[in-house]
Amino acid sequence: MFNFSIARLPRIEFGTGVIKKLPDIVASYGSRILLVTGARSFINTSHWQALIDQLQQRTINWQHCVVAEEPSPALIDDLVKTYADHPLDVVVGIGGGSALDAAKAIAGLVKIQRSVMDYLEGVGPELPYQGPSIPFIAVPTTAGTGSEATKNAVLSVQGKNGFKKSFRHDKLVAEYAIIDPDLLASCPPDVIAANGMDALTQLLESYVSAKSKAFTDALAISGMHAARDALIPLYRQEGELQTHREKMAYAALLSGITLAQVGLGAVHGLASPLGAFYPIPHGVVCGTLVAPATRINIQSMLAREPGNKALAKYLHVAEILCQKRFVDPQSAYNALINLLAQWTSELALPRLSHYGLQETALDKVIANCRGSSMKTNPIVLEDEEIRQILLERI
């Protein structure tokens, strides 16, 4: 637990109003920038015009591209080609995980002019990435993926032969992560729900990860406290919304830090093929599967590895999220699973069949789920156990 190394992290600027620091931070890298945003989350707010005005005052030459959905390798290659002849000093990603991942990949490839397919894990030649990358600044407008703190650019090809894979390297980590909770004010309830459950799942899975360490455990615990207190009221738009946004932005950031250091688990292992083969938003996969995956993990460890350290950790998570002590471990496990299922219901997260998944297709999903995330699940799950996770939410 106390023998660990920590991979590179961005410099982090966190707090209400820190978006105002972005123009000066950008200017410190040069006068030629590429802004990569989502379709609506930022450019339809007053923050967009304020940023443009500040860039113009500093005579910064900016270009803008929009990433409206989960980025594909073809989109990244097209954008890299588009901006290859435009000298850039810095790439700024502003938006949800899709915009940040696209900006991250563009920054890593625009100087070397190779297809991102050359570097994606699990597909293509998997060439070693050597750079150079140009500086990347991450400005999240949602609270979920934690992409602002990771070295992963997740790219997807959807359909029968689709995939969801990462272009990852330490050179892709943001120079700055600028996290302003005020930017979450434009998130609709369904985005709050899906992204919030993504963050919570990342915190939970990294906490029980086979590679978990004391350093990341402390962060994951802190993040779970924040998500517990803020997610449901933020979704309902009840109470002190600014405080809720601060806590969810904090939880999402910590989830990105912890997953980058120690990995995730079965839910994210399944999210890869499900998001590739079906049009299922990533956060929806996380939110709808976290309860059954937790149940199967606990049952499997009790049956085959009763000494697994993650069992005690699940008990601690139950105490954190349920805010009570339990007289015995099984009561704690049951309460945790029930609470996660209750949140899935309260947040109106749809079943997987809503997106077309049928029982006849489970073999294909299971055959493609054993990527990097599944390797850090606290126990190696058998195919039939994975099937049970999926069957519970079809």
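This is a short talk through one structure, beginning with its sheet and moving outward to helices, rings and a few backbone details.

Please keep in mind throughout that what we are looking at is a predicted model. I will start with the open sheet, which has 6 strands in the order 1-8-5-4-2-3, paired in the parallel sense. Strand 1, residues 11–14, and strand 3, residues 61–66, each have a single partner strand and stand at the edges, so one side of each is left without a neighbour in the sheet. On average, and ignoring direction, neighbouring strands here are turned by 15° against each other.

Let me take one pairing in more detail. Strand 2, residues 32–37, runs parallel to strand 3, and the two are joined over 6 bridges. Which residue of strand 3 is the bridge partner of Leu 34? The partner is Gln 63. Helix 4, residues 97–109, packs on this sheet and touches strand 2, strand 4 (90–95) and strand 5 (136–140), while its direction makes about 170° with that of strand 4. Helix 7 also packs on the sheet, where it touches strand 1 and strand 8 (176–179), and its direction makes about 170° with that of strand 1.

Staying with Leu 34, which belongs to strand 2, is this residue buried or exposed? With a relative accessible area of 0%, Leu 34 is buried, and the cut-off for that word is under 20%. Leaving aside residues up to four places away in sequence, Leu 34 touches a list of residues that includes Gln 63, His 64 and Cys 65, as well as Val 90, Val 91, Val 92 and Ile 106. Its C-alpha atom is separated by 8.7 Å from that of Asn 61, which lies 27 residues apart from Leu 34 along the chain.

Now to helix 7 itself, which covers residues 241–262. Its 22 residues reach 31 Å from the first C-alpha to the last, close to the 32 Å expected at 1.5 Å a residue. The residue that follows helix 7 is Gly 263, with a positive phi near 85°. Within helix 7 we find Ala 251, which counts as buried at 0% relative accessibility. Beyond residues up to four places away in sequence, Ala 251 touches Leu 203, Gly 223, Ala 226 and Ala 227.

A second helix that I checked for length is helix 10, residues 309–322, where 14 residues at 1.5 Å a residue should span 20 Å, and the end C-alpha atoms are indeed 20 Å apart. Its buried residues, among them Leu 311, Lys 313, Tyr 314 and Val 317, pack against helix 5 (189–207), helix 6 (214–236), helix 9 (282–304) and helix 11 (329–346). Lys 313 appears again in another role, since its charged end sits over the ring of Tyr 207, 4.8 Å from the ring centre. In a similar arrangement, the charged end of Lys 364 sits over the ring of Phe 277, 4.3 Å from its centre.That brings me to the aromatic residues, for which a search of the whole structure finds 8 pairs. One of them joins Trp 48 and Trp 62 in an edge-to-face geometry, at 6.0 Å centre to centre and with 85° between the planes. Trp 48 lies in helix 2 (residues 46–57) and Trp 62 in strand 3, so the pair links distant parts of the chain, 14 residues apart. Trp 48 counts as buried at 12% relative accessibility, whereas Trp 62, at 26%, is partly exposed. Together with Phe 42, these two tryptophans form one aromatic cluster.

Outside the parallel pairing I have described, strand 6 (residues 152–157) and strand 7 (residues 163–168) pair in the antiparallel sense over 6 bridges, with Arg 168 as the bridge partner of Asn 152. These two strands form a hairpin with 5 residues between them, and in the turn Gly 159 has a positive phi of about 130°.

I will finish with some backbone details. Where is Pro 132, whose peptide bond from Gly 131 is cis with omega near 5°? Pro 132 is in the loop between helix 4 and strand 5. Glu 126 is also placed in the loop between helix 4 and strand 5, and although it is not a glycine it has a positive phi of about 50°. Thr 59, in the loop between helix 2 and strand 3, likewise has a positive phi of about 50° without being a glycine. Thr 59 is exposed at 66% relative accessible area, and Glu 126 is partly exposed at 46%.

Terms used
Residues are numbered from 1 along each chain as its sequence is written. This is a predicted model: local features need pLDDT of at least 70, side-chain atom pairs count only at pLDDT 80 or more; totals for chains, interfaces and linings use all residues. Side-chain values use heavy atoms; hydrogens and water are left out. Helices (H or I, at least four residues) and strands (E, at least two) are DSSP runs, numbered from the N terminus. The expected span of a helix is 1.5 Å times one less than its number of residues. Two strands pair if DSSP finds at least two bridges between them. Axes are lines fitted to C-alpha atoms, for helices over the stretch in contact, and angles run from 0 to 180 degrees between N-to-C directions. Contact means heavy atoms within 4.5 Å. Rings of Phe, Tyr and Trp (its six-membered ring) pair if their centres lie within 6.5 Å; planes under 30 degrees apart count as stacked, over 60 as edge-to-face and the rest as tilted. Buried means under 20% relative accessible area, exposed over 50%, partly exposed in between (1.4 Å probe, protein chains only). A charge sits over a ring if NZ of Lys or CZ of Arg is within 6 Å of the ring centre and within 35 degrees of the ring normal.
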